[in-house]
Amino acid sequence: MSVTSADVAVSLEHVRRTYGGDQPVVALDDVDVRFARGTATAVMGPSGSGKSTLLHCAAGLDRPDAGTVRIGSTDLASLSEKRLTELRRSRVGFVFQAFNLVGALNVEQNILLPSRLSGQRPDPAWVAEVVDRVGLGNRLRHRPAQLSGGQQQRAAIARALVTRPEVIFCDEPTGALDTRTAADVLSLLRSVVDQAGQTVVMVTHDPVAASYADRVVVLADGRIVRDMPQPGAERIAEHLAHLGGRESDARPVAQSVGRTAAQTFAGPAAQSLARATARPAVRGEG
Ligand SMILES: Nc1ncnc2c1ncn2[C@@H]1O[C@H](COP(=O)(O)OP(=O)(O)OP(=O)(O)O)[C@@H](O)[C@H]1O
C-alpha cells in the first residue's frame, strides 16, 4: 500500500524488540510497516510470532530496542513517560479480549473514564452519538457484570472511541465472544473505520475476524512475512496453515465458509458474515 506520510496513522520503521536474559528472544526483528489512516488492518501469525509485541510497541505500551515508532508525526521515543501516557489517553484507544471494564463503575462511567483521566470534558453530543452507535443507550446505568460479553465489548469500543483517538488498537477483540456476537462487534469496528474514518489495528487469530480488515499483515518469528490487501477468510486460513498456525485458527473458517451466512447465522449479523466469508471486506459497505 503506497501512502504519503500525512495519510499514515501509525508507522514502525526498522523496529526491533528483544526480551533479555541469557537466551534473548527477538520478538520483533526489523519490522517496517505503516498503517494508513481510515483503514483497518489485521495482524496475524502463529503463537509467539510477535503480534502482541508489535501492538504494544505501536501503541506506546512498550519501547523497542531499536527503530522508530510514530503515531501521526509524533516519534514516541521523543516523549517522556508522562507525555507518552498523555498520548495514549488522548490519541490512542484500546480494545482488549477481556474487555477491561472497571467493575465498580457503570457503563456510562466506564465510557467516560479516559476523558476524565485526561482532564477533558467530552462533547455531550459526541458521547450520545458514540453510545447510540454501539447500541447501549438503555444500558448506561448497568455495571459490566450485568451485561453480556458482546455488550461489554461494545462498551469497551465506546470507551475507546470517546476521545476521538487517531487509532484504535484491538488485541483479540472477539476472542471471548461467540461467533454471532463477534460478527456484530466486527461490524461495529468496521463502521468506525467506514463512517468515522478512524484507523483500526487488530491482532487476531481468527481469519473471519481478519477478513473484516482492509489488509492483513502476517508475522512469523518477529518478521512480516505476508502483507495482503483484502485477502478473504479462506485465503487467510490457507496462509496460516502454511505457516503452521494453530490448527484451531483454520478449522472454524473451513466450516463456516462451506455454508451460506444465512445457514450459519440469523439476524443482522448475517449480512456482515456473508461479506466476511464470501469475499473480502470492502470499505464503504460498513
Ligand atoms: N515479557 C517477556 N519476556 C520474555 N519474552 C517475552 C516477553 N513477552 C513476549 N516474549 C516472547 O516474545 C515472543 C513474541 O511474543 P508475543 O507475545 O508478541 O507473540 P504473539 O504472536 O502475540 O503470541 P500469542 O499469539 O501466543 O499471543 C515470544 O517468543 C514470547 O515468548
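A residue is near a molecule if its C-beta atom, placed from the backbone, lies within 6 Å of it. In this predicted model, the ligand is surrounded in that sense by Tyr 19, Val 25, Ala 27, Gly 45, Ser 47, Gly 48, Ser 49, Gly 50, Lys 51, Ser 52 and Thr 53. Sorted by class, this shell holds three nonpolar, seven polar and one charged residues. Strand β2, which covers residues 25–36, and helix α1, which covers residues 51–58, each supply at least two residues of the shell, and α1 gives the most, with three residues.

**The sheet and its helix**

Strand β2 also belongs to an open sheet of four strands, whose order is β2-β1-β4-β5 and whose pairing is antiparallel. Because β2 and β5 (residues 74–75) stand at the edges and have a single partner strand each, one side of each is left without a neighbour in the sheet. Further in, strand β1 (residues 8–19) pairs with strand β4 (residues 66–71) in the antiparallel sense over five bridges, and Leu 12 has Val 69 in β4 as its bridge partner. Helix α1 packs on this sheet and touches β1, β2 and β4, while its direction makes about 125° with that of β1.

**A hairpin**

Strand β9 (residues 215–220) and strand β10 (residues 223–229) are also paired in the antiparallel sense, here over six bridges, and Val 217 stands opposite Asp 227 in β10. The hairpin that β9 and β10 form has two residues between the strands.

**Positive phi angles**

Most residues other than glycine have a negative phi. Which residues of this model, then, take a positive phi? Among them are the three in the table below, and the places where they are found are given beside the angles.

| Residue | Phi | Place |
|---|---|---|
| Asp 30 | near 60° | strand β2 |
| Glu 172 | about 50° | loop between β7 (167–171) and α6 (179–196) |
| Asp 221 | near 50° | hairpin of β9 and β10 |

Are Asp 30 and Glu 172 buried or exposed? Asp 30 counts as partly exposed because it has 15 C-beta neighbours inside 10 Å, a number that lies between the limits of 12 or fewer for exposed and 20 or more for buried. Glu 172, by contrast, counts as buried, because it has 20 C-beta neighbours inside 10 Å.

Terms used. Residues are numbered from 1 along each chain as its sequence is written. This is a predicted model: local features need pLDDT of at least 70, side-chain atom pairs count only at pLDDT 80 or more; totals for chains, interfaces and linings use all residues. Ala, Val, Leu, Ile, Met, Phe, Trp, Tyr, Cys and Pro count as nonpolar, Asp, Glu, Lys and Arg as charged, and the others, Gly among them, as polar. Two strands pair if DSSP finds at least two bridges between them. Two residues are in contact if their C-beta atoms, placed from the backbone, lie within 7 Å. Axes are lines fitted to C-alpha atoms, for helices over the stretch in contact, and angles run from 0 to 180 degrees between N-to-C directions.
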